[in-house]
Amino acid sequence: MTEVPESAHPRWLTESEQDAWYAWRRMFPLVNAEIARDLHQDSALSEADYDVLSVLGSTDGHRMRITALAGLMSWSRSRLSHQLTRMEQRGLVRREEVACDGRGAEVVLTGEGAHTIDEAAPRHVESVRRHLIDVLTPDQLRTFAEVGETLRRHFGAARK
């Protein structure tokens, strides 16, 4: 925890700043829970499953170095390793050593994993539309995207 010098005064949120903060705190878990619920009901996938499958499904060769995937997803290697183990047990992905350098491993989307993401994606995007996209006006969506991009850059996160 960062210590605040005794002489420093807190910069309390203004009313409009507090409104924005509370809106975020209420909105994110509500939208996320609805979309996650639909994903599980429609496809028997967790959010983590879907995230891994969708990233791999959009890469050349349906494969990626594990370290690169962990970085892209802002996950620890340990978290990703546990997730990959669960997905390997279900036949969705497999790990392979990188033949050219022998130092790293890649995660590869299996045929079953490709089929699973192909089946899940249309229902998932419909849920995203129903619970987020279609609820907002075009102007609100543009603002939402701008805010998200600003925060992504602030945290130095990779853009998918």
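In this predicted model, a good place to start is leucine 45, which is found in the loop between helix H1 (15-43) and H2. Although it belongs to a loop, leucine 45 is buried, because its relative accessible area is 2%, under the 20% that marks a buried residue. Leaving aside residues up to four places away in sequence, leucine 45 touches Leu39, His40, Tyr50, Leu53, Arg90, Leu92, Thr116 and Ala120. Isoleucine 117 lies 72 residues from leucine 45 along the chain, yet the C-alpha atoms of the two are separated by 9.4 Å.

Alanine 44 offers a helpful contrast. This residue also lies in the loop between H1 and H2, but alanine 44 counts as exposed because its relative accessibility is 52%, and exposed means over 50%. When residues up to four places away in sequence are not counted, alanine 44 touches Leu39, Asp49 and Arg90. Two of these partners, Leu39 and Arg90, also appear among the residues that leucine 45 touches. Alanine 44 and histidine 9 are 35 residues apart in sequence, and their C-alpha atoms are 49 Å apart in space.

Stepping back to the whole protein chain, there are six helices and three strands. Read from the N terminus on, these elements follow the order α-α-β-α-α-β-β-α-α. Along its principal axes, the C-alpha trace spans about 55 × 40 × 25 Å. The radius of gyration is 19 Å, whereas a compact globule of 160 residues would have one near 15 Å. Of the contacts between residues at least 6 apart in sequence, 52% join residues at least 24 apart.

The interior can be followed through the largest nonpolar core, which has 26 residues. Those with the most contacts inside this core are Val52, Leu53, Leu69, Leu80 and Val93. Two or more residues each come from helix H2 (47-57), helix H3 (66-73), helix H4 (77-89), strand E3 (105-109) and helix H5 (111-131). H2 supplies the largest share, six residues. In soluble globular proteins, nonpolar side chains tend to be buried together. Valine 52 shows how the core is connected: not counting residues up to four places away in sequence, valine 52 touches Leu69, Met73, Trp75, Leu80, Gln83, Leu84, Met87 and Val93. Leu53, another of the residues with the most contacts inside the core, is touched by leucine 45.

Turning to the surface, buried residues make up 28% of the 160 residues in the protein chain. The chain exposes about 11,300 Å², and carbon and sulfur atoms supply 54% of this area. Charged side chains comprise 21 positive and 25 negative ones, with the centres of the two sets lying 3 Å apart.

Two loop residues are worth a look for their backbone. Most residues other than glycine have a negative phi. Histidine 62, however, has a positive phi of about 55° although it is not a glycine. Histidine 62 sits in the loop between H2 and strand E1 (63-65), and counts as partly exposed because its relative accessibility is 31%, which falls between the 20% and 50% limits. Serine 74 likewise is not a glycine and has a positive phi of about 55°. The loop between H3 and H4 holds serine 74, which counts as exposed because its relative accessibility is 57%.

How values were computed
Residues numbered from 1 in each chain as written. Predicted model: local features only at pLDDT ≥ 70, side-chain atom pairs only at ≥ 80, totals over all residues. Heavy atoms only, no water. Core = buried A, V, L, I, M, F, W, Y, C linked by side-chain atoms within 4.5 Å. Buried < 20%, exposed > 50% of the residue type's maximum accessible area, 1.4 Å probe, protein only. Helix = DSSP H or I, 4+ residues; strand = E, 2+ residues; numbered from the N terminus. Contact = heavy atoms within 4.5 Å. Rg over C-alpha atoms; globule rule 2.2 N^0.38 Å. Areas by Shrake-Rupley, 256 points an atom, 1.4 Å probe, with all protein chains shown as cover. Lys, Arg positive; Asp, Glu negative; His and termini not counted. Charge placed at Lys NZ, Arg CZ, Asp CG, Glu CD.
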